[in-house]
Structure formats: C-alpha cells, structure tokens
Amino acid sequence: MTHILAITGTTRRGRFSEKVAAWVVEQLVARDDFSVELVDLRDYPLPFFDEAPPARTRRDYPTDEIARLGRRIDQADGFVILTAEYNHGYPAVLKNALDHTFVEWQRKPVTFVGWGNVGGARAIEQLREVAVEFEMAPLRHAVHILPDLMVPAMRSPDPFDTAVFAPLEPKLKTLADDLAWWASALAVARAHDVE
Ligand SMILES: Cc1cc2nc3c(=O)[nH]c(=O)nc-3n(C[C@H](O)[C@H](O)[C@H](O)COP(=O)(O)O)c2cc1C
C-alpha cells in the first residue's frame, strides 16, 4: 500500500490550514488504497535556507532537523500540499521547507488543496511549476476552497466541524483517486531505479 503525506503549508498563529488539514486527513484516512499522515511544518522549524544545494548534497543532511524532514518525505509515495495564498503566491515557509530538500520528492505525485479569494489557484499554479523542477508529477485535480465555505469554516465554533467542507467531498475524492493511481504507478516505477 502506498503512503501519502498531507503537508500543512502555513504555520502562523490562528491559521486556517488547521481546519483544512483536519478535513483532508479525516477524509483520506477512511480510504483503504493508501495510508496517510499529516506533516505540520510547525513541527519542522527550519532556519531560512542557507546551505549547499540539496540537489547536489542529496541526503547528506547538514542538521538533524533537516534530516528529520528529509526522512519523513523520503518515506512517502505522494503528497497533498495544503496551501494558502499570500500576496498571490504560496507561503514562504512552504518554499523554505522545499528548498531544504530535493531528491526526497523526485518521481512522486503531488496535488493541492488551496484556499482564498480564488481558492488558492494562483499559489497552486505556481507550486505546479516548482514541482516540475523537483521532478515531481503535479496532478491536474486539486481542491479550491472559496470564500463561500471559508467564511462559515472560520465562524465555526471549536471543535471545528469538518462537515462545513462537505460540498467539496466529491472534488476531494477525485483528487484522492487520481493521487492513488499515480502514487502506486510511480512507486512501481521507482522500485526499478538504481540510485
Ligand atoms: C500575508 C498575507 C497575504 C494574503 N494574501 C492573499 C492573497 O493574495 N489572496 C488571497 O486569496 N488571500 C490572501 N490572504 C488571505 C488568506 O487567504 C487568509 O488569511 C488565509 O486564512 C491564510 O491561510 P492561513 O490562515 O492558513 O495562513 C493573505 C493573508 C496573509 C496573512
């Protein structure tokens, strides 16, 4: 069975990404075609990237903290990146985490759940370009959370009721079906690689 990581792309206080992460993980753990775990970038407080290029140094990690993130990504067969849109781009904390690593992402599929005024579409399009440089396979299907669901989700009392996002369940299912296909196809292909 393949293993998928859902990655929270924002770390700021009061972040919306926690609500998205709760919903995405709840939906994906119910599937029996892959296992899923959440990677919260808050658990990997990295300095601003200031090292030799990881595409060259590969798994020769300069610090234990980077090694911890790198090994986590290494164990996965595919990714769902949960991204906000900050000033029409993706969050810097997410790019910083990506730049600390490289080979761990290669030849694995990545898809996205975004939110914001245009459902994070601009951030997601930019991330698709970044994914190509990492030799990932960025997928067509994504989920875009627009203000019509963001606003009720923000107003929802604690604990957050993930049912707010129920109208997007068919979209998330399509995303997950596609991700499952690519994750297992590329896992088989990678098994033939000689590093
Ligand atoms: C620095 C900053 C810039 C933002 N820029 C945009 C933007 O360009 N487009 C958009 O739709 N929302 C933008 N927003 C609003 C975010 O969609 C909203 O704050 C969302 O909750 C951010 O996700 P987070 O709470 O997980 O950080 C911005 C928010 C912040 C903090």
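The following dialogue examines a predicted model of a protein chain with a ligand.

Visitor: How many helices and strands does the protein chain have, and in what order do the elements run?

Guide: The protein chain has 7 helices and 6 strands. Read from the N terminus, the order is β-α-β-α-α-β-α-β-α-β-β-α-α.

Visitor: Why is the protein chain called as compact as a globular protein of its length?

Guide: Its radius of gyration is 16 Å, and the globule rule gives 16 Å for 195 residues; the two values are close, so the chain is as compact as a globular protein of that length. Along the principal axes, the C-alpha trace spans about 45 × 35 × 25 Å.

Visitor: What share of the residues is buried, and what share of the contacts joins residues 24 or more positions apart?

Guide: Buried residues account for 51% of the 195 residues. Among contacts with a separation of 6 or more, 83% are between residues 24 or more positions apart. The accessible surface of the protein chain is about 9,800 Å², and carbon and sulfur atoms contribute 53% of it.

Visitor: Which residues are closest to the ligand?

Guide: The ligand is surrounded by 16 residues, the closest being T10, R12, F16, Y86 and N117. By class, the shell consists of 6 nonpolar, 6 polar and 4 charged residues.

Visitor: What makes the pairing of E85 with the ligand a polar contact?

Guide: A polar side-chain atom of E85 lies 3.0 Å from a nitrogen atom of the ligand. The cut-off for a pair of N or O atoms is 3.5 Å, so a pair at 3.0 Å qualifies as a polar contact. Two further pairs involve the backbone: an N or O atom of F16 lies 2.7 Å from a ligand oxygen atom, and one of S17 lies 3.1 Å from an oxygen atom of the ligand. On its own the ligand has 600 Å² of accessible area, of which the protein covers 76%.

Visitor: Why is R128 called buried?

Guide: The relative accessible area of R128 is 18%. Buried means under 20%, and R128 therefore counts as buried. R128 belongs to helix 5, residues 121–133. A polar atom of the R128 side chain lies 3.0 Å from the backbone oxygen of R140. Apart from neighbours within four places in sequence, R128 is in contact with F112, P138, L139, R140 and A142.

Visitor: Against which elements do the buried residues of helix 4 pack?

Guide: In helix 4, residues 92–99, the buried residues are L94, N96, A97 and L98. The buried residues of this helix pack against helix 3 (64–74), strand 3 (78–83) and helix 5.

Visitor: How do you know that S156 is buried?

Guide: The relative accessibility of S156 is 12%, and the limit for buried is under 20%, so S156 meets the criterion. S156 is located in the loop between helix 6 (147–155) and helix 7 (169–191). Excluding neighbours within four places in sequence, S156 is in contact with K19, D161 and V164.

Visitor: Why is T174 called partly exposed?

Guide: T174 has a relative accessible area of 36%. Buried requires under 20% and exposed over 50%; the value of T174 falls in between, so T174 is partly exposed. T174 is part of helix 7. The C-alpha atoms of T174 and V143 are separated by 9.3 Å, with the two residues 31 apart along the chain.

Definitions and conventions:
Residues are numbered from 1 along each chain as its sequence is written. This is a predicted model: local features need pLDDT of at least 70, side-chain atom pairs count only at pLDDT 80 or more; totals for chains, interfaces and linings use all residues. Side-chain values use heavy atoms; hydrogens and water are left out. A residue is near a molecule or strand if one of its heavy atoms lies within 4 Å of it. A polar contact is a pair of N or O atoms within 3.5 Å; within protein, one must be able to donate a hydrogen and the other to accept it, and residues adjacent in sequence count only if both atoms are side-chain atoms. Accessible areas come from the Shrake-Rupley method with a 1.4 Å probe; for residues, only the protein chains shown count as cover. Ala, Val, Leu, Ile, Met, Phe, Trp, Tyr, Cys and Pro count as nonpolar, Asp, Glu, Lys and Arg as charged, and the others, Gly among them, as polar. Helices (H or I, at least four residues) and strands (E, at least two) are DSSP runs, numbered from the N terminus. Buried means under 20% relative accessible area, exposed over 50%, partly exposed in between (1.4 Å probe, protein chains only). Contact means heavy atoms within 4.5 Å. The radius of gyration is taken over C-alpha atoms; the globule rule is 2.2 Å times the number of residues to the power 0.38.
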